[in-house]
Amino acid sequence: MKGRDVITVLDFSRSEVERVFEETDAMQRALERGERLDVLRGFVMATAFFEPSTRTKLSFQTAMLRLGGSCIDLPPEELSSRAKGESFADTIRMLDAYADVIVVRHRLEGAARFAAEIAAHPVINGGDGTRDHPTQAMIDLYTVRKALGRIDGLVYGVLGDLRYGRAARSFILALTLFNPKKIYLISPPQLASRPEIIERIRERSIEYEEVRSLHEVISELDVLYVTRVQRERFPDPMEYEKVRGSYRVTAESLKGAKPNLVVLHPLPRVDELAYDVDATQHAWYFRQASFGVPLRMALLKLILRG
Ligand code: NCD
């Protein structure tokens with residue numbers, strides 16, 4: 001994996017994803033034991049986030065620092081040369097000269113791929129518009145494996161904004177590298193999955209069904225992946241108003257679920273996932289977020305050192 005870009009989760013084979021998971025287990029054990037690691041001492045990671053982020057940026061930076069490496073961060077627009085009109089391409093060229101790896105987040109689809117074409121060093125996609133968020137998808141599947149011991153043979157429900165959400169999209173794509181028993185795509189019709197995703201599921205001969213409400217399928221699910229309505233992606237604010245609040249998972253709505261149902265959410269949540277779910281045995285989303293550090297440690301090590 002040394003030197004590789006990470007643009008979409010489909011850049012990886014199943015066995016490569018499993019290799020990342022094994023390395024993540026090792027990183028997790030080292031973190032638990034409080035070991036001080038220095039496999040990336042002398043390496044520099046640049047983060048270039050052109051969109052808001054809490055978890056992705058900070059967990060990448062934590063991962064790099066925990067491995068003994070260092071981080072530089074592109075300042076927000078008004079404090080960097082972008083305020084003077086510098087192009088994305090020139091910004092990436094400079095970061096490529098300073099750092100050994102670049103993590104990019106951008107509102108435009110294809111921005112990370114474009115950055116990877118410009119940069120000689122590896123580029124990791126930290127989210128490009130409505131398309132890909134490959135490291136999030138790896139964290140999500142890693143959490144399923146931790147919680148239930150496997151990824152294959154399970155029934156998955158992906159709930160919410162399947163149209164604009166890159167986390168949901170990437171999660172579904174990542175699932176197609178494995179053998180899920182069935183995927184339920186749960187959304188209001190306006191937020192249904194885009195055709196290319198359905199096509200990919202079909203190509204892989206995975207059973208799936210599009211349904212409107214969680215209620216219809218809750219008792220069958222092993223994993224429920226909840227996502228936020230991606231307000232910022234709606235071309236028309238009126239369209240957003242029509243769908244906001246159209247679904248909400250509460251402790252009450254999980255009654256009738258399997259006792260070991262795993263509820264995931266890439267976070268941030270707004271109102272689609274009620275706080276009363278936090279106290280149930282189903283809530284895995286904070287552990288999911290915490291796995292961001294060991295998983296990104298694993299990935300950075302594999303990309304920079306092999
Ligand atoms: C997601 C994102 O930015 O795509 N957040 C994350 O990275 N965990 C999900 C979202 O914003 O809804």
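In the predicted model, five strands are arranged as an open sheet with parallel pairing, in the order E7-E6-E5-E8-E9. Strand E7 (208–211) and strand E9 (262–264) form the edges of this sheet, each pairing on one side only. From one strand to the next, the twist averages 15°. Strand E8 (residues 223–226) and E9 run parallel and are joined by three bridges; in this pairing, Tyr225 stands opposite Leu264 in E9.

Two helices pack on the five-stranded sheet. Helix H6 (residues 166–175) lies across strand E5 (155–159), strand E6 (182–186), E8 and E9, and its direction makes an angle of about 160° with E5. Helix H7 (residues 195–203) lies across E6 and E7, running at about 150° to E7.

A salt bridge links strands of this sheet: Lys182 pairs with Glu209, with the closest N and O atoms 2.8 Å apart. Because Lys182 lies in strand E6 and Glu209 in strand E7, the pair ties together parts that are 27 residues apart in sequence. Lys182 counts as buried, at 11% relative accessibility, whereas Glu209 is partly exposed, with a relative accessible area of 35%.

A further open sheet consists of four strands in the order E2-E1-E3-E4, again with parallel pairing. Its edge strands are strand E2 (70–73) and strand E4 (123–128), each of which pairs on one side only. The twist in this sheet averages 15° from one strand to the next. Strand E1 (residues 44–49) runs parallel to E2, and four bridges join the two. Within this pairing, Val44 stands opposite Ser70 in E2. Helix H4 (residues 111–118) lies across strand E3 (101–106) and E4, at about 160° to E4.

Asp96, found in helix H3 (residues 88–98), is a buried residue without a salt bridge. The nearest side chain of opposite charge belongs to Arg93, at a distance of 7.6 Å. That distance lies outside the 4 Å limit for a salt bridge. The side chain of Asp96 instead reaches the backbone nitrogen of Ala120, at 2.7 Å. Leaving aside residues up to four places away in sequence, Asp96 touches Ile102, Ile118, Ala119, Ala120 and His121. Of these contacts, Ile102 falls within the range of strand E3 and Ile118 within that of helix H4.

The structure holds 24 salt bridges. One of them joins the side chains of Asp132 and Arg131, with an N to O distance of 3.6 Å. Asp132 is buried, with a relative accessible area of 4%, while Arg131 counts as partly exposed at 34% relative accessibility. Both residues belong to a network of salt bridges that links Arg131, Asp132, Arg169, Arg194 and Glu196. Arg169 lies within the residue range of helix H6, and Glu196 lies within that of helix H7.

Another salt bridge is formed within a helix. Glu239 pairs with Lys242, the closest N and O atoms being 3.0 Å apart. Both residues lie in helix H8 (residues 237–243), where a spacing of three residues corresponds to about one turn of the helix. Glu239 is partly exposed, with a relative accessible area of 31%, and Lys242 is exposed, with a value of 54%.

Glu86 lies in the loop between E2 and H3. Glu86 is partly exposed, with a relative accessible area of 34%. Not counting residues up to four places away in sequence, Glu86 touches Ser81 and Thr91; the latter falls within the range of helix H3. The C-alpha atoms of Glu86 and Ser290, which are 204 residues apart along the chain, are separated by 35 Å.

Methods: Residues numbered from 1 in each chain as written. Predicted model: local features only at pLDDT ≥ 70, side-chain atom pairs only at ≥ 80, totals over all residues. Heavy atoms only, no water. Pairing = 2+ DSSP bridges. Axes fitted to C-alpha atoms, helices over the stretch in contact; angles between N-to-C directions. Contact = heavy atoms within 4.5 Å. Buried < 20%, exposed > 50% of the residue type's maximum accessible area, 1.4 Å probe, protein only. Lys, Arg positive; Asp, Glu negative; His and termini not counted. Polar contact = N/O pair within 3.5 Å; in protein donor to acceptor, adjacent residues only side chain to side chain.
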